[in-house]
Amino acid sequence: MFLSSVGFSIVIMSIWPYLHKVCAFQSVLLLSDCSRVNSYLANCLYAYVHVPAAHNKYYMLMARALMGFGAGNVAVVRSYIAGATSLEERTGSMANTSTCQALGFILGPVFQTCFVLIGEKGVTWDTIKLQINMYTAPVLLGAFLGILNIILIITILREHRVNDSGQQCKNTNFEEASTDEPHILQRNIDQVAVVATNVLFFVVLFIFALFETILTPLTMDMYGWTQEQAVLYGGIILAALGVEAVVIFMGVKLLSKTIGERAALLGGLTVVLAGFLILLPWGSQLPKVQWEDLHNNSVPNTTFGETIIGLWKSASERQNEPPTGCPVEQAWCLYTPVIHLAQLLTSAGLLGIGYPACNVMSYTLYSKIIGPRPQGVYMGWLTASGSGARILGPVFISHVYTYLGPRWAFSLVCGIVVLTITLLGVVYKRLVAFSVRHGGIQG
């Protein structure tokens with residue numbers, strides 16, 4: 001799961017600048033193997049996006065779409081774990097899996113940061129027309145991780161299934177837990193709870209995907225960072241979140257035993273809301289505006305973030321750099337206050353607390369709601385929900401941020417989180433384990 005998440009997210013921080021560079025315009029185990037092959041092919045296609053003479057952005061879109069098909073292995077892994085653990089073991093097992101997944105998803109851009117040292121030009125292997133630079137090196141690493149993943153699946157994983165009580169079943173397609181529980185399996189799953197949990201999971205992934213997406217352009221606009229600086233320092237921020245996430249995952253696994261998964265999920269959403277409220281622009285100081293042709297004659301409005309970065313630059317480096325700052329084409333740059341670096345770091349810290357807690361609690365609850373029957377189809381729905389969030393999150397934030405600015409963008413995100421908390425309150429009493437709801441196991 002960790003390798004899959006790294007392979008998926010390793011290029012997120014560089015998609016924005018790379019698009020500008022190449023385009024003028026802005027059985028269970030068998031299924032898992034197939035999804036990893038898709039991811040491998042997607043990474044290879046992404047590495048060759050620069051080759052076509054035109055329409056590069058569409059080839060990049062195809063590569064990421066193919067990667068999305070490969071992400072289907074997440075549903076297979078969750079279904080496998082749900083079928084191989086008892087009700088008592090499931091929270092811990094799901095937490096461990098979520099730790100690996102979210103950590104890989106957070107640390108993927110950190111690996112991207114390491115490749116910044118290669119630079120935008122890098123080296124070219126003319127024989128196969130392969131450019132190895134700060135944008136393509138991460139996907140080549142992702143392709144290697146995909147091959148490693150396939151080897152591990154074939155050599156280590158074995159088919160295994162138990163029911164909610166921990167009694168072993170014959171195989172992963174076996175639908176009857178034991179002769180003592182057939183009446184429980186005949187009961188219906190609470191579809192309202194299933195749909196609600198899918199919505200909750202969608203919002204959780206939606207929020208984190210949009211935050212990772214907007215981090216690079218936001219820092220470039222607010223602090224006058226170059227593309228390389230935005231990728232580098234953004235990666236450092238996400239690295240810190242990765243360390244924080246490990247601690248939070250271990251803590252929330254223990255906390256859930258005391259207050260329960262539902263309360264932990266509610267607490268996580270509240271922290272996420274606080275993070276985006278802090279990220280709203282306040283005050284009267286405006287960001288430095290990028291005046292294209294008049295750049296050399298403009299008087300910059302220096303922010304604290306720019307001052308810090310400026311200490312690392314020499315005079316010659318400043319002369320050779322392209323225009324930086326908030327593009328004048330974005331009308332909101334002329335009247336929207338700057339988001340100070342302290343705000344961004346505080347918000348990122350809160351999201352690093354709320355996202356891991358919400359992530360693991362949402363699909364742990366989902367697994368328990370479904371119960372002891374095979375969960376492949378249901379986990380497929382959950383994964384589709386998460387994949388949709390990773391598609392719509394970046395699209396939403398990119399358009400709203402570009403045309404309306406961060407104040408509108410993050411206010412709308414806060415509204416979405418408030419609605420999600422309201423939904424959780426409405427269905428709170430229905431989010432219980434299948435066996436507990438039907439009296440098979442005491443809650």
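**Exercise 1. An odd backbone angle**

Which loop does Lys-129 lie in? Work that out in this predicted model, then look at its backbone and its exposure.

*Solution.*
Step 1: start with the strands on either side. Lys-129 sits in the loop between β1 (123-125) and β2 (130-132).
Step 2: check phi. Lys-129 isn't a glycine, yet its phi is positive, about 55 degrees. Most residues other than glycine have a negative phi.
Step 3: check the surface. The relative accessibility of Lys-129 is 55%, and the cut-off for exposed is over 50%, so Lys-129 counts as exposed.

**Exercise 2. Getting an overview**

Take stock of the whole chain: how many helices and strands are there, and what percentage of the residues count as buried?

*Solution.*
Step 1: count the elements. The protein chain has 17 helices and four strands.
Step 2: turn to burial. The chain has 443 residues, and 54% of them count as buried.
Step 3: look at the outside. About 19,600 Å² is exposed, with carbon and sulfur atoms supplying 66% of that area.

**Exercise 3. Sorting out the cysteines**

Find which cysteines pair up, work out the handedness of the bond, and then place Cys-44 and Cys-358 as buried or partly exposed.

*Solution.*
Step 1: look for sulfur pairs within 2.5 Å. Cys-326 and Cys-333 make the grade, with their sulfur atoms 1.8 Å apart. The count comes to one disulfide.
Step 2: read the torsion. About the S-S bond of Cys-326 and Cys-333 it is about -55 degrees, so this disulfide is left-handed.
Step 3: check burial of the pair. Both Cys-326 and Cys-333 are buried.
Step 4: do the other two. Cys-358 has 1% relative accessibility, so it counts as buried. Cys-44 has a relative accessible area of 27%, so it is partly exposed.

**Exercise 4. Into the core**

Describe the largest nonpolar core, then follow Ile-214 and Phe-410 to see what each one touches.

*Solution.*
Step 1: size it up. The largest nonpolar core has 75 residues, and Ile-207, Leu-218, Phe-276, Leu-344, Phe-410 and Leu-431 have the most contacts inside it.
Step 2: ask which elements chip in. Those giving two or more residues include α5 (73-84), α6 (87-114), α14 (341-370) and α16 (406-427). The largest share, 18 residues, comes from α9.
Step 3: pick out Ile-214. It belongs to helix α9 (residues 191-223), and its relative accessibility is 2%, so Ile-214 counts as buried.
Step 4: list its partners. Beyond its neighbours within four places in sequence, Ile-214 is in contact with Ile-397, Tyr-401 and Phe-410. Ile-214 and Ser-398 are 184 residues apart in sequence, but their C-alpha atoms are 7.0 Å apart.
Step 5: switch to Phe-410. Leaving out residues up to four places away, Phe-410 touches Ile-214, Leu-218, Phe-276, Leu-279, Leu-280, Ile-339 and Ile-397.
Step 6: don't miss the second core. Apart from the largest one lies another, of seven residues, among them Tyr-46, Met-60, Ala-63 and Leu-130.

**Exercise 5. A nonpolar patch outside**

Which residues form a nonpolar patch on the surface, and where does Leu-148 lie?

*Solution.*
Step 1: name the members. The patch is made of Phe-144, Leu-148, Leu-152, Ile-156 and Leu-157, and together they have about 420 Å² of accessible area.
Step 2: place Leu-148. It lies in helix α7 (residues 137-156).
Step 3: grade its exposure. Leu-148 has 30% relative accessibility, so it counts as partly exposed.

Key. Residues are numbered from 1 along each chain as its sequence is written. This is a predicted model: local features need pLDDT of at least 70, side-chain atom pairs count only at pLDDT 80 or more; totals for chains, interfaces and linings use all residues. Side-chain values use heavy atoms; hydrogens and water are left out. Buried means under 20% relative accessible area, exposed over 50%, partly exposed in between (1.4 Å probe, protein chains only). Accessible areas come from the Shrake-Rupley method with a 1.4 Å probe; for residues, only the protein chains shown count as cover. Patches are made of residues with over 30% relative accessible area and no salt bridge: like charges are joined within 9 Å, nonpolar side chains (Val, Leu, Ile, Met, Phe, Trp, Tyr) within 5 Å. A salt bridge is a side-chain nitrogen of Lys or Arg within 4 Å of a carboxyl oxygen of Asp or Glu. Contact means heavy atoms within 4.5 Å. A nonpolar core is a set of buried Ala, Val, Leu, Ile, Met, Phe, Trp, Tyr and Cys residues joined through side-chain atoms within 4.5 Å.
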